[in-house]
Each structure stands twice: as structure tokens, then as C-alpha cells.
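Below are some questions on a structural model, each with a short reasoned answer.

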There are 2 protein chains.
Amino acid sequence: MLKFEDYVNVASRAIADIKYPATPAALYEPIAYTMALGGKRLRPVLTLMACDAFCGDYSRALSQAVGIELYHNFTLLHDDVMDKADVRRGKPTVHVRWNDNVAILSGDAMLTMAGQHIANADAAHIEPAMSLFNSTAMEVYEGQQYDMDFECRNDVSEQEYISMIRLKTSVLLGCACKMGALMADASADDAGRIYQYGVDLGVAYQHQDDWLDVYGDPATFGKEIGGDIMNNKKTFMLINAMNRATGADHDELMHWLSAVDPDRREKVAAVTALYSRLGISDLAIEAMNRYNDRALSVLNSISFPEEARRAFRDFANMLMHRDR
Amino acid sequence: MLKFEDYVNVASRAIADIKYPATPAALYEPIAYTMALGGKRLRPVLTLMACDAFCGDYSRALSQAVGIELYHNFTLLHDDVMDKADVRRGKPTVHVRWNDNVAILSGDAMLTMAGQHIANADAAHIEPAMSLFNSTAMEVYEGQQYDMDFECRNDVSEQEYISMIRLKTSVLLGCACKMGALMADASADDAGRIYQYGVDLGVAYQHQDDWLDVYGDPATFGKEIGGDIMNNKKTFMLINAMNRATGADHDELMHWLSAVDPDRREKVAAVTALYSRLGISDLAIEAMNRYNDRALSVLNSISFPEEARRAFRDFANMLMHRDR
């Protein structure tokens, strides 16, 4: 097994090596722009690690690793159009720098390019790889649709929220792990277990993301704190706050949820204080740890070298101690 | 070989048999709605015909035929968002009936479903099928981007226009034909020839579409005559009119191209009269016939039964004598 940074480098080099035709420029430049924005490259690293762990040769899954990162970035590109998000990783989003039509069409092309990279496999591997990729992609769309549906609802349950983030975020991490296992000819049981590791890690990761959006350090978080609070996003934290708040707390929460054009600093400070009074921060950290523990525990039942187990454990620890 | 109508029925039944999950409704209902709008089903019919022609068993390409029709309808769905088109086949478009976000996301899901249907093949056929599908899809995006680029240009040449419609429209007809040939294990030469038939037929078809948009019978055409003229769309006809018009004709054409909010009846009548004076109608019909002849002539070099040759000839004749 390589070190984490080395897998990142392998993935980054392969992504930088993608060849884009020169014309039409308005189709391919936004794709190159998006792929060059960076990001943590967590998904391709998981694919390479899983492949290495089961067969000792990560290069067998390199094309699929790139395909999954293309897919992930395609979802961000189209989500930014749908959310009207102006900034991604400190740079203007594609629909801002170009326009909505360019963002839609270049996103479509990225999705097809993702499929091309996944399908770049020998006859024995192409069917399982495509099947895993396509079924995961359908789940991701379902998650995105539920997320949009939840915006207009005030009765989203904790369980519904977990199901939604599982689809929207976590299954792609599971898919990244399983893809590497499939390309390495791991047993179906082990492929299923490393998939479960990825999914549980993904749920833990999203819990942490929600927590950082409230309690992160503005100096290191990379975007403004309190975005979810300002948007009344029905996260695990808001759902639980709505369930727990009574009396004056309940009235205050309702006041902020219905406030028209509230002062950002005031609203974020007030809701954060409410969360802290209601024990929501601890609740979120507990949930995060619970899913992280599940991810770590499934690793124990996988038949691969101790070194691989350690690498996936380190990956989870690294993820759970990030500050952005 | 079956009759044309029977292939249409086979394709329509397979499309009607697609199973959509019940939830999330806002993801799957727009897909079912789009696929139920109908259309001529030309592409899946070509796939079934080609497969039948080379191996006598169209069912070997049925899933791929459905996949190509899903892809075609996905492009219409996203194109309608980009063009802000309100009506498709007499019904409100998805972004009008739902909204832009639903149209973007359900289109993405259709593209993935298309890939699922194409990949539904045995180990010997999945790679060539995916490879043909993905490279064709990339060409279609390129064509759509060139089409959008041309809107802001006044110097589009006839050759550029033909290249654009070849990418945007024709290669998918070629792909539909070749897909059937691949699934039937046709020789590479024959697969290439039936691809060429489809591409040439596609260029002829687009020439005819442009002509019908000006000279079609309003009673049968299905949409309002003169849409391309009103939008100053740089079709083969407008490009040639711009090249041919001199003196007063040139001044009149320029007047209408730059007229702000002109009366529809007046502009369409004036530009149509100009086209007729300049011989543009004949020119378009000549171009259409030239490509149709090329499509028919390549059929002569394909090694398949005479019955198949006749079926593809009849298909072209049927297409060239449509009135909508």
C-alpha cells in the first residue's frame, strides 16, 4: 500500500492527464476548469486503495477512479446550477463564469466521459463496473431530488434525512470502494463489506460537514459559517432542534425559521446558541462517531492484509479530524 | 424482416414497459411523461431493423434500441431547457410543467438510464456497444454546442452548418444503425456502411426539416411555420440566401435579420418570398436529395439479404416523403 498522499498524487496526475479536444471550447473548457479546481480527491483515492488492498495493483482501477471523480464533479456542476451557487472552491462556478446552458451541456458531457472511463475495462470487469456505476448514479439523483423535496417540507424526520444523505452523498463513497474491489477481483462478500465501509464513512462525513457548517473555525473552514442555518436547511441538527425545543426555545426557533431577510450574524448566533442549549452539537458528534465506528468495525471482517486495514482506518481518522 | 409499423410497435411496447420507481415522484414522473409523449421512434426502429437485417433476430438489440431512444429524449429534454422551449409534441415541456431543476435532474437520470440499457449486453457485446454509444454522445454535445455558438455568429459557412447538423442530429441515426449491426455480429465493414447510411440519411432528414419549417403545410406540420426565420437561425437556407442576395434583395434580407420585434406574418412571408426568388427552396431540395442518394447508394455495398436492402430503402423513402 502507498501513503495517502501518494494515492492523491496518482489520482491527481491521472485527472490532469485527461485529454480534452480543443473545440468546441465552450463545451470542453468548463470541464477542464472544473476538474482543475481540485478538491480532496477522496473518491478516486478510495478506489485506488481498495484495488491495491485486494490485489496489490492500484493501476487496474485507475480509469474507474478517474471516472468516479468525473461523475462527482459532474454532480457538483449541475447541483450548483440548481442551487444557484456562485462559488465553488473559492472560484466562480461554471454557470457564473460561462452561463447556465454551458453548465448544463458541459455537465452532460462530463457524465458521458465518466461512463467512458468506467467502461474502460476488460470483458470480465466492464459489466460489473458499469452496473455498480449506473445503479449508484441513479441513487445519487434520487438523493438530490429528496434534498430538493425537503426544502418545501417542515416535517422531515431524522430517518428521512439520513436516507437522503445516504443516497446523495454516501453511496458514491461506497461505490468508490467497491469499484476498486471489483477491479481487483475481491470476493463478493468482501466487495460488499468495503462498500458498507464507504457508505457508513459517507454518512459520518456528512454529519461532520453539517456540524462544521455551524461549529467550524471560520479561519480554516473555507466557506462562511452558518450557511445551513441561514437557508433553514433541514439537517440532522435542525430536525433534532425542532424535536427538542419547547416553550421559549421553540418560539425562538420558529421566529428565526420564519424571519424574513434576517441579519446573518444575529440569526446564526441565536440558532447556534439554541443548538448548544439543546445539546444538538453533542448529538451530532455522537451520530458522526456512531457511523464512523460502524465503518471501522466492518473493516475487521474483510480478508485483506493488516496493512490495508490500517490504511482504511487511517483514512477514516484523517477524515474525521479535518477542519474543512 | 418485419414491416415498418411492426418495428415501431416492438419499440413502443419496450419503451412502455420501462419500469420507473414510484419515488421520488419528481425524478421519475418527468421521465415517464417524456417517454410517453411519443414521437416517430425512428432511432430504435433503425436499431431493430439493422439487427434483424444482419442476424434475423431483432430482440438481440432491443435493450440498446430503448437505450438510444432514452438518450434521444434526454437530449430533447435538456435542449428544451437551454432553448426555453415551452411545447414539445403538443404538450408542455418538462421545465414548464415542473421546473428547470426537475428538468435538469430528470434529464441526468435519463442519460444514466440510457447507459444502463446500452450496457445490458453479454460480455462480447458490451464494450463495442458502450464505446459506440459514448463516442456518439460526445459528438451530439459538440453539435449542440456549435449550434449555440452559431447563434452569436453571422459568418457561419454552409460547410460549418453541415458539420454541425451531422454532429447534433445525424451521428445518432448512424449510431442507431450501427448498434443493431454490432449486436448482430455484422462485419466491421458492414457496420461502418450501415453507419454511413444512417448519417447521410440524418443529414438529408435535417435538410428536409429546415425546408418544412419554411415550406411545410401548416395543417400537417404540427408546429407553426417559420420558426427558424423568426429566430434568424443560420440554416442551410439562410446561409445560402445571405451568400446569393445582392442589391435590393440583400438590403431587404439584412432589414429583416436586424428587425426588432417584427410582425411574424410579415417577416415570414417576406423572407420566404426572398428564398423563392433566390432559388433557395430548390437548393435545399437538391441538397436533401444528394444526401438521400448517398444513403441509398451505400446500401448496395452491404452484404445482407435483398429484403433488408429494400426495408432500408423504404425507410428512407418514407422519411423523405413525410409532411411533419
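Q: Is A:Asp185 buried, partly exposed or exposed?
A: This is a predicted model. A:Asp185 has 13 C-beta neighbours inside 10 Å. A residue is buried at 20 or more such atoms and exposed at 12 or fewer, so A:Asp185 counts as partly exposed.

Q: Where is A:Asp185 found, and what is its phi near?
A: The residue sits in the loop between α8 (158–183) and α9 (188–215) of chain A. A:Asp185 is not a glycine, yet its phi is positive, near 60°.

Q: Is B:Lys84 buried or exposed?
A: B:Lys84 belongs to the loop between α4 (62–83) and β1 (87–88) of chain B. Its phi is positive, about 50°, although B:Lys84 is not a glycine. Because 11 other C-beta atoms lie within 10 Å, B:Lys84 is exposed.

Q: Which relation links chain A to chain B?
A: Chain A superposes on chain B by a rotation of 180° with 0.0 Å of shift along the axis, at an RMSD of 0.0 Å. That rotation is therefore the relation of a two-fold axis.

Q: Which residue of chain A comes closest to the rotation axis?
A: The distance is taken at the C-alpha. At 2.8 Å, the residue is A:Ala123.

Q: At what angle do α3 and α8 of chain B pack?
A: The two helices cover residues 42–55 and residues 158–183, with their axes 7 Å apart. Their crossing, α3(B) with α8(B), is right-handed. The contact residues divide into 13 nonpolar, two polar and one charged. The packing angle is about 35°.

How values were computed:
Residues numbered from 1 in each chain as written. Chains lettered and ligands numbered in written order. Predicted model: local features only at pLDDT ≥ 70, side-chain atom pairs only at ≥ 80, totals over all residues. Axes fitted to C-alpha atoms, helices over the stretch in contact; angles between N-to-C directions. Helix = DSSP H or I, 4+ residues; strand = E, 2+ residues; numbered from the N terminus. Left-handed = near helix turned anticlockwise from the far one by under 90°. Nonpolar A, V, L, I, M, F, W, Y, C, P; charged D, E, K, R; others polar. Least-squares fit on C-alpha atoms with pLDDT ≥ 70 in both.
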